[in-house]
Structure formats: C-alpha cells, structure tokens
Amino acid sequence: MVFDLGRIEQLLDLLGSPQRAYPAIHLTGTNGKTSTARMIDSLLRAFGLHTGRYTSPHLETVRERISLDGEPVSEERFVSTYREVAPLAELVDQKSTEPLTYFEMTTALAFATFADAPVDVSVVEVGLGGAEDATNVLSAGVCVLTPIGLDHTEWLGDTVEDIALAKAGIIHPGATVVLAAQEEEAARPILERCVEVGATVAREGSEFGVLRRAVAIGGQVLTLQGLGGVYEDIFIPLHGAHQAQNAAVALAAVEAFLGAGANRQIVVDTVREGFAAASSPGRLERVRSAPTILLDGAHNPHGMAATVTALQEEFAFSRLVAVVGVLADKDAESLLELLEPVVDAIVVTRNTSPRAMPAEELAGLAVEVFGPDRVELAPELPDAIEAAVGLAESDVQGELSGVGVLVTGSVVTVADARRLLKK
C-alpha cells in the first residue's frame with residue numbers, strides 16, 4: 001500500500017467532488033468503529049434522515065460497505081456507479097506511478113453513490129489510520145475516535161501514541177470531536193491536534209458516558225449521559241460493556257450533529273427507537289442454537305479482551321469451545337492467552353484470506369498456551385466447526401442449552417463461518 005491522497009483527490013475532482021454534496025460523520029479508532037457507525041446510522045434514520053454508511057471490511061458482499069438507509073446498495077446501483085467511475089479511474093491510473101487501490105475505488109464509489117442518492121448525511125469509517133486514509137478528504141464536521149490500541153503497527157507506528165497521532169489526522173479545523181475514553185498515551189496527541197486546529201472536544205467520562213447498564217434478554221438496557229442530558233431505558237440488542245460504550249459514543253455523535261448541547265436533548269423516544277433497531281453482524285452474533293454458535297470478529301488483544309469480558313458477564317456456558325483462525329500479521333499469542341481462561345477447548349483452523357496464518361503454525365502457539373490435550377487442528381473451517389460442535393457436546397447429558405461454540409480471531413474467519421452457517 002502506498003499512502004497518497006493525491007490519487008483519490010484527482011478521481012473525486014473528476015467526479016465533481018461528490019463528497020462535498022452532504023455533511024459527514026467520520027469515524028476512526030482501533031476497535032468499535034463499525035458497530036458505532038451502525039448505531040449512528042440507525043439513530044439518524046430514526047430521526048427521519050436519509051443516510052449513507054461506508055464501513056469495511058465486508059462479511060458477505062462488497063455492497064455491504066456502501067449502505068443507503070441501512071441497506072447494502074443494490075447490485076444494479078453498484079454496477080451503474082462503477083461504470084461511471086471506472087473510465088475516470090483509468091485516467092488517474094495513467095497519470096500515476098501507483099494505480100488506485102481497491103479501497104480507494106470503493107471509497108470513490110461510496111461517495112458518488114451517496115451524492116446520487118442523495119443522502120442527508122454520510123457516516124464514514126476510515127479504512128486504516130486517519131491522516132493518510134482515502135476517506136480523509138471529507139473534512140467532516142463531526143469526528144469520532146473510538147478506543148485506540150496497538151494494531152496495524154507495520155503501517156501506523158509501534159506505539160499507541162504514534163497510532164493515535166495518525167488517527168487524529170481526521171480532525172479538521174472547526175470540527176466537533178467525540179472522543180471515547182483513551183489511554184493517556186493516546187489522548188495526548190488527539191487533544192493536541194484539537195487545540196492546533198481549533199476543534200471542540202466532547203470526552204467520554206466528562207461530557208458523556210454510560211451511567212448504568214443491565215443485562216437483558218437479547219442485549220442490554222442502558223442509562224446514558226448524553227451531551228444534552230440523561231437518556232434512560234435504552235435497549236440495545238448487542239452484548240458487552242464495549243457495545244454500551246459504543247452506544248454512548250454514537251449518541252454523543254448524533255447529538256453533536258443534530259445540535260444538542262447543555263440542557264438541549266434530542267427526543268428520547270426516538271433515541272430508544274434508533275438503538276433498538278441497531279445491529280452489528282459478526283459481533284457476538286448468535287447464528288445457531290443447541291448448541292449455541294456465536295461469531296465474533298475480535299482480531300487484536302483490545303478487541304478480544306472486550307469479547308472475553310462480555311462472555312463472562314452475559315453468557316453462562318457450562319462448556320464452550322473456540323474455533324480460531326487469524327491473519328499472519330496479528331498478535332495470535334495474545335489472542336490465545338486471553339481466550340484460554342474462558343474456553344474448555346480450542347480448534348485451530350485457517351480462513352480463506354491469502355494473509356491467513358497457517359493452521360499448523362497457529363496450532364503450535366495454541367499448544368503452548370492451552371496444552372496439547374485442549375487443542376485440535378482442523379485446517380478447513382467446515383471441519384473445524386464440526387469438530388468444535390462435537391467437542392462442545394461431548395460428556396453433556398441431555399439439555400444442550402449451556403453448550404456453546406465461539407468462532408473468532410478474524411473478521412475473515414467470521415465471514416467464512418457466516419456463509420457456511422447461514423445457508
């Protein structure tokens with residue numbers, strides 16, 4: 001990957017700058033971006049706005065990356081927009097030493113789709129980092145930074161401070177910044193960037209946050225402190241304290257966009273409606289019962305820690321087996337160490353990505369963490385899921401309600417499993 005905004009800027013100029021046709025809410029961070037973006041989208045639609053949402057990666061089809069009013073763009077519209085963009089992309093490629101990337105093309109398609117729709121607001125998630133990401137042509141009025149940790153260190157830097165500095169690049173002059181709770185190392189460069197460009201900051205724990213949360217059937221009920229006041233009895237059909245945090249961030253972002261502030265709330269019933277309709281596929285998503293099969297795309301230590309906490313707090317498995325496939329550039333050992341206390345056995349496998357860690361290599365790491373008696377190797381994912389179900393059901397008498405399988409380690413692993421299990 002060659003990071004250069006020049007290519008996407010040239011292409012968008014040839015398209016008539018579609019990204020200037022609507023206001024934007026721009027999100028970056030290490031974990032929680034897609035879930036937060038989906039909640040923001042759901043809230044905005046509850047308030048009657050036409051939305052465009054751009055997120056990545058996708059689970060089943062590239063059309064998921066470009067959503068209009070909460071639904072993936074149609075095949076017809078996707079193809080039509082591509083046919084408009086492709087000739088102009090070829091012109092840009094002819095003038096550049098590096099061709100437009102896959103992500104730059106999907107970004108251009110999204111911005112053009114949103115302008116043609118047209119949408120009232122776009123909700124856009126960065127692909128990687130912030131400052132040099134192809135989406136950073138928006139100069140969005142509302143910027144959201146979810147929790148930042150170590151990930152993509154080969155591109156963004158070896159420290160949390162370096163990564164935060166790169167992500168803070170989406171903050172432009174005059175923006176309102178919604179900042180999730182951060183380590184001090186991450187918060188410092190973000191706040192310095194805000195001062196530098198004259199941005200207004202709303203911080204979790206100061207201006208907004210989660211006041212209370214309680215586990216409920218199918219999700220949780222929250223009391224949220226928003227920018228405009230307290231919002232009670234908010235049900236979200238998502239699991240985990242991290243999703244409650246994402247909800248607080250999403251609410252603050254929508255309040256900032258709609259102009260709420262001190263003693264100026266947005267309509268609470270509409271907020272409840274928006275959150276109740278939110279979804280986040282592949283995030284502790286239940287796709288089968290008896291035994292329960294959960295899919296979770298945690299792929300770095302910060303994300304896996306949140307998943308493990310949610311499993312301990314909100315699920316009561318008597319026996320849980322994990323199916324794990326990771327990408328080769330991820331901290332697989334840390335992921336396995338976090339999983340070890342909460343699963344009875346593990347089946348290691350490989351997903352369909354060309355960047356996947358070989359199953360045999362992952363098995364070697366797993367044996368060091370779990371011991372040989374708790375590790376099984378199944379190089380093909382269908383076999384891994386079948387083996388995990390068998391292990392989960394072994395030595396269980398009668399009722400299977402307390403038995404579960406967790407498929408995790410990578411969004412690609414989850415996407416592969418989702419295709420298999422939802423057929």
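Which residues are linked in a network of salt bridges? Asp-41, Arg-45 and Arg-53 are. A salt bridge here is a side-chain nitrogen of Lys or Arg within 4 Å of a carboxyl oxygen of Asp or Glu.

Before going on, a word on what you are looking at. This is a predicted model, in which local features need pLDDT of at least 70, side-chain atom pairs count only at pLDDT 80 or more, and totals for chains, interfaces and linings use all residues. Residues are numbered from 1 along each chain as its sequence is written, and side-chain values use heavy atoms, with hydrogens and water left out.

## Salt bridges

Side chains of opposite charge can pair when their charged atoms come close. By the rule given above, the count comes to 16 salt bridges. Here are some of them, with the N to O distance and the separation along the chain.

| Salt bridge | N to O distance | Separation along the chain |
|---|---|---|
| Glu-104 and Arg-7 | 3.0 Å | 97 residues |
| Arg-418 and Glu-60 | 2.7 Å | 358 residues |
| Glu-161 and Arg-188 | 3.4 Å | 27 residues |

Each of these pairs links distant parts of the chain. To place them, you need the helices (H or I, at least four residues) and strands (E, at least two), which are DSSP runs numbered from the N terminus. You also need three words for accessibility: buried means under 20% relative accessible area, exposed over 50%, and partly exposed in between (1.4 Å probe, protein chains only).

Take Glu-104 and Arg-7. Glu-104 sits in helix 4 and Arg-7 in helix 1. Glu-104 has a relative accessible area of 5%, so Glu-104 is buried. Arg-7 is at 3%, so Arg-7 counts as buried too.

Then there's Arg-418, in helix 14 (residues 411-421), which reaches Glu-60 in the loop between strand 2 and strand 3 (66-68). Arg-418 is buried because its relative accessible area is 11%. Glu-60 has 39%, so Glu-60 is partly exposed.

As for Glu-161 and Arg-188, they belong to helix 6 (residues 160-167) and helix 7 (residues 184-197). Glu-161 counts as partly exposed because its relative accessibility is 33%. Arg-188 is at 35%, so Arg-188 is partly exposed as well.

## Aromatic pairs

How many aromatic pairs does the structure hold? There are four. Rings of Phe, Tyr and Trp (its six-membered ring) pair if their centres lie within 6.5 Å; planes under 30 degrees apart count as stacked, over 60 as edge-to-face and the rest as tilted.

One of the pairs is Tyr-22 with Phe-114, which is edge-to-face, with 6.0 Å centre to centre and 75° between the planes. Tyr-22 is in the loop between helix 1 (5-14) and strand 1 (24-28), while Phe-114 is in helix 4 (residues 102-116), so the pair links distant parts of the chain, 92 residues apart. Tyr-22 is at 7% relative accessibility, so Tyr-22 counts as buried. Phe-114 is at 0%, so Phe-114 counts as buried too.

Now for Tyr-54 and Phe-103. Their ring centres are 5.7 Å apart and their planes meet at 35°, so this pair is tilted. Tyr-54 comes from strand 2 (residues 51-54) and Phe-103 from helix 4, 49 residues apart. Both Tyr-54 and Phe-103 are buried. Tyr-54 and Phe-103 also join Phe-111 in one aromatic cluster.

## Backbone oddities

Most residues other than glycine have a negative phi, and most peptide bonds are trans. Some spots here go the other way.

The peptide bond from Ala-117 to Pro-118 is cis, with omega near -15°. Pro-118 lies in the loop between helix 4 and strand 5.

Another cis peptide bond joins Ala-290 and Pro-291, where omega is about 0°. Pro-291 lies in the loop between strand 12 (285-288) and strand 13 (292-295), and Ala-290 is placed in the loop between strand 12 and strand 13 too. Ala-290 has a positive phi as well, near 50°. Is Ala-290 buried or exposed? Ala-290 counts as exposed because its relative accessibility is 56%.

Ser-17 also has a positive phi, near 55°. Ser-17 is found in the loop between helix 1 and strand 1. Ser-17 is at 24% relative accessibility, so Ser-17 counts as partly exposed.
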